[in-house]
Number of protein chains: 2
Amino acid sequence: MSVTAAKGFTAAGIAAGIKQNGNPDLALVVNTGPRRAAAGVFTSNRVKAAPVVWSQQVVADGELTAVVLNSGGANACTGPQGFQDTHATAEKVAETLTARGMETGAGDVAVASTGLIGILLPMDKLLPGVEKAAAELSAHGGEKAAIAIKTTDTVHKTCVVQKDGWTVGGMAKGAGMLAPGLATMLVVLTTDADVDTAGLDAALRQATRVTFDRVDSDGCMSTNDTVLLLASGAAEVTPAPDAFAQAVQEVCADLARQLIGDAEGASKDIRIEVINAASEDDAVEVGRTIARNNLLKCAIHGEDPNWGRVLSAIGTTSAVFEPDLLNVAINGVWVCKNGSVGEDRDLVDMRYREVVITADLAAGSDSAVIWANDLTADYVHENSAYSS
Amino acid sequence: MSVTAAKGFTAAGIAAGIKQNGNPDLALVVNTGPRRAAAGVFTSNRVKAAPVVWSQQVVADGELTAVVLNSGGANACTGPQGFQDTHATAEKVAETLTARGMETGAGDVAVASTGLIGILLPMDKLLPGVEKAAAELSAHGGEKAAIAIKTTDTVHKTCVVQKDGWTVGGMAKGAGMLAPGLATMLVVLTTDADVDTAGLDAALRQATRVTFDRVDSDGCMSTNDTVLLLASGAAEVTPAPDAFAQAVQEVCADLARQLIGDAEGASKDIRIEVINAASEDDAVEVGRTIARNNLLKCAIHGEDPNWGRVLSAIGTTSAVFEPDLLNVAINGVWVCKNGSVGEDRDLVDMRYREVVITADLAAGSDSAVIWANDLTADYVHENSAYSS
């Protein structure tokens, strides 16, 4: 059900012809109210795509009526024309919705794009696509919307959490360029809970910090990452802030896990648990550094419990630790103890897709979990065989 | 001629049986004087192998008589026993050389090791190997020494620069784990110039900063990197400091280039030139970030001039730049101008092994060059198919 699981939302996903293969490539999500509160987080990449620049501006007032998303082109590094195209897309959505009795201005329409960088969008296809999508808006359109934002994703990603009289749902796309500061991903979350902008913003930032910001498939940060949370208030329930934040985090964690599970070319999902760190920042730095070590990612692909590569990665961080006190477990076997040889590496069973690396810094009591993928020949193939 | 091109040095390379395949695995380099000045730079990884800890200590007084190097085992993350083994190796070298009339103490013997992390060295093979190597020491042994330190290197690497009456020569090994702060590499440089420790140290630091510290094959920093420079004074010539520094840099640049040219699984050598930066630090930061972008490395492998991935990498740095002023050339074609589409990407010819990426930050007048490799299925295979 995705973004239409919560009451007060309609959605559609159609093929506008942006993708040359004819697959669905345009999604529209509309908040039918009564409330139209919204919050967003965006890529921290300083090279931002036009739709990111646009959407950051329009969500700043805490209100959105609609989100239009396209795959088949990122509209990044496209200069002034690219920004004009984003603006024209929002105008087209506003005009079309207004004509259908849902009065809105372009300033309440967020735009998100994903696909190849450095290519202008085919506006002659995209703008008529907006009309087609508006005509298909439905309270059951969430799944089609989720399908329309796929790029190299092999499956569409949705999640719904239902609470006592209110719901948080969402959809996500993302398969490569997944790195902290937001993965290459577009995410739209919706809720029918009656939560104001400040409540949405707090819940969204708290959730993304420990979910999407902690997946690192390939160390590459996108120009287009966008996560939006829209509240319709249609359930006429105002949950306690903690309960609401918890539900948003549940949905984000689930979608983040789905992103890792569908990462380009990956054969393993690696859960990196950093424990006994002097601070949460230390734990995150160590986790990310381990997550980005290509030699280790290759070893995991080869089902080789190569703890030496974990230690050599930890050694490049500024975290508090003593080399002689480090411990590392792979799938529960402590193959490295006190910075040296530990339990028999032959005890480690790495046949399954999920691999758990536990790095014990022996320096405090903080911890963090980072999710990553292995590095495979399929990843190389997928990212070298064609421009993406 | 490698380390024995300069007068006043003997060397040997033999098979001690450390490698199970019987290939050469032990090298010995001896400074026969009259001077025995030395300087060293080592990995900045905080997880340092036992031989690195040892060699940092023994070179601190500015004198070395000999360097013993082994492949087949890194002696890293091996605890107190690993350090005792390094110490015993240096003692064995000192004792053996002293018995042969070259009186020295263990405190003047540097040790370097390369190979798998987390495995104790087979001392029952290594110590007898020291005697065998000492027996084969010769003024023509430089090439054999260079061969004995290979791990996954496909070729041995040597370089000699001859000046007016004096010489700088050297050998290097390194094929993976090549990243700033020193690649996974062992390098021994020798000169017969009559230069004191301070002169050696200054020349070596100046040279490594712009050569070995600026190769980044796979973003992974080793626990064992060691670069040593030994001066015998046998040429009885004291060059001007600038001329000497220049010669050392020439040798380092040549060896660094050889390391990139033989990087594990690589099909392309990527020269990343960052120009018009606000500072040299900015240029280096941007160059390294581009060098480590897996998506770009895949694109280069696929001969795809994917400048969008260059921009998305630059965008993650803290360097001074405006996104709308960035320019990127690939092999001389300015495919990105002012942060957007530039010249026709089809004009870019990427058929040859060397690829040049020029990133113009339009923010100043400083520059830097970083060397990197592409990311290939062969790299994945080489680093996943067995523990290394």
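Asn276(B) sits in strand S11 of chain B, a run covering residues 269–277. This is a predicted model, and Asn276(B) makes a handy way into it. Although Asn276(B) is not a glycine, its phi is positive, at about 55°. With a relative accessible area of 30%, Asn276(B) is partly exposed.

**Backbone oddities**

Asn276(B) has some company. In chain A, Asn338(A) also has a positive phi, about 50°, and it is not a glycine. Asn338(A) belongs to a loop, the one linking strand S13 (333–337) to strand S14 (340–341) of chain A. At 48% relative accessibility, Asn338(A) is partly exposed. Back in chain B, Glu303(B) comes after helix H8(B) and has a positive phi near 55°.

Then there are the prolines. In chain A, the peptide bond running from Gly33(A) to Pro34(A) is cis, with omega near 15°. Pro34(A) is found in the loop between strands S2 (26–31) and S3 of chain A. Chain B has a cis peptide bond between Gly33(B) and Pro34(B), with omega about 20°. Pro34(B) is placed in the loop that connects strand S2 (26–31) with strand S3 (37–42) of chain B.

**Two helix pairs**

How do helices H7 and H9 of chain A cross? The axes of H7(A) (residues 280–291) and H9(A) (residues 307–314) come within 9 Å, and the crossing angle is roughly 130°. That angle makes H7(A) oblique to H9(A). The crossing is right-handed. From H7(A), the residues Val286(A), Thr289(A) and Ile290(A) meet Val310(A), Ala313(A) and Ile314(A) of H9(A). By type, the residues of this contact come out as five nonpolar, one polar and no charged.

In chain B, helix H2 (residues 79–99) and helix H3 (residues 123–135) have axes that come within 10 Å and cross at roughly 25°. So H2(B) is roughly parallel to H3(B). Here too, the crossing of H2(B) and H3(B) is right-handed. On the H2(B) side, the contact uses Asp85(B), Ala88(B), Thr89(B), Lys92(B), Val93(B) and Thr96(B). H3(B) brings Met123(B), Leu126(B), Leu127(B), Val130(B), Glu131(B) and Ala134(B). The residues of the H2(B) and H3(B) contact split into seven nonpolar, two polar and three charged.

**What's covered up**

Helix H1 of chain A (residues 50–58) has a set of buried residues: Ala50(A), Pro51(A), Val52(A), Trp54(A), Ser55(A) and Val58(A). What do they pack against in chain A? Their partners are strand S3 (37–42), helix H2 (79–99), strand S5 (109–113) and strand S10 (226–231).

Over in chain B, helix H8 (residues 294–301) is mostly covered, with seven of its eight residues buried. Those are Asn294(B), Leu295(B), Leu296(B), Lys297(B), Cys298(B), Ala299(B) and Ile300(B).

Asn294(A) lies in helix H8 of chain A, residues 294–301, and it counts as buried at 3% relative accessibility. Setting aside neighbours within four places in sequence, Asn294(A) contacts Leu375(A) in chain A, plus Asp218(B), Cys220(B), Asn294(B) and Tyr379(B) in chain B.

Leu375(A) turns up again in a distance to Ala243(A): the two are 132 residues apart in sequence and 38 Å apart in space, C-alpha to C-alpha. Ala243(A) is part of helix H6 (residues 241–261) of chain A.

Here are some chain A residues side by side.

| Residue | Relative accessible area | Status |
|---|---|---|
| Ala243(A) | 36% | partly exposed |
| Asn294(A) | 3% | buried |
| Cys298(A) | 0% | buried |
| Cys336(A) | 0% | buried |
| Asn338(A) | 48% | partly exposed |

**Cysteines**

How many disulfides does the structure hold? Zero, over all chains. A disulfide is a covalent bond between the sulfur atoms of two cysteines. Why does Cys336(A) not bond with Cys77(B)? The sulfur of Cys77(B) is the closest cysteine sulfur to that of Cys336(A), but at 6.2 Å it is too far for a bond. The cut-off for calling a disulfide is sulfur atoms within 2.5 Å. Cys336(A) is also buried, at 0% relative accessible area, and Cys298(A) is buried at 0% too.

Key. Residues are numbered from 1 along each chain as its sequence is written. Chains are lettered from A and ligands numbered from 1 in the order in which they are written. This is a predicted model: local features need pLDDT of at least 70, side-chain atom pairs count only at pLDDT 80 or more; totals for chains, interfaces and linings use all residues. Side-chain values use heavy atoms; hydrogens and water are left out. Axes are lines fitted to C-alpha atoms, for helices over the stretch in contact, and angles run from 0 to 180 degrees between N-to-C directions. Helices (H or I, at least four residues) and strands (E, at least two) are DSSP runs, numbered from the N terminus. Angles under 35 degrees count as roughly parallel, over 145 as roughly antiparallel, 65 to 115 as roughly perpendicular and the rest as oblique. A crossing is left-handed if the near helix is turned anticlockwise from the far one by less than a right angle, and right-handed if clockwise. Contact means heavy atoms within 4.5 Å. Ala, Val, Leu, Ile, Met, Phe, Trp, Tyr, Cys and Pro count as nonpolar, Asp, Glu, Lys and Arg as charged, and the others, Gly among them, as polar. Buried means under 20% relative accessible area, exposed over 50%, partly exposed in between (1.4 Å probe, protein chains only).
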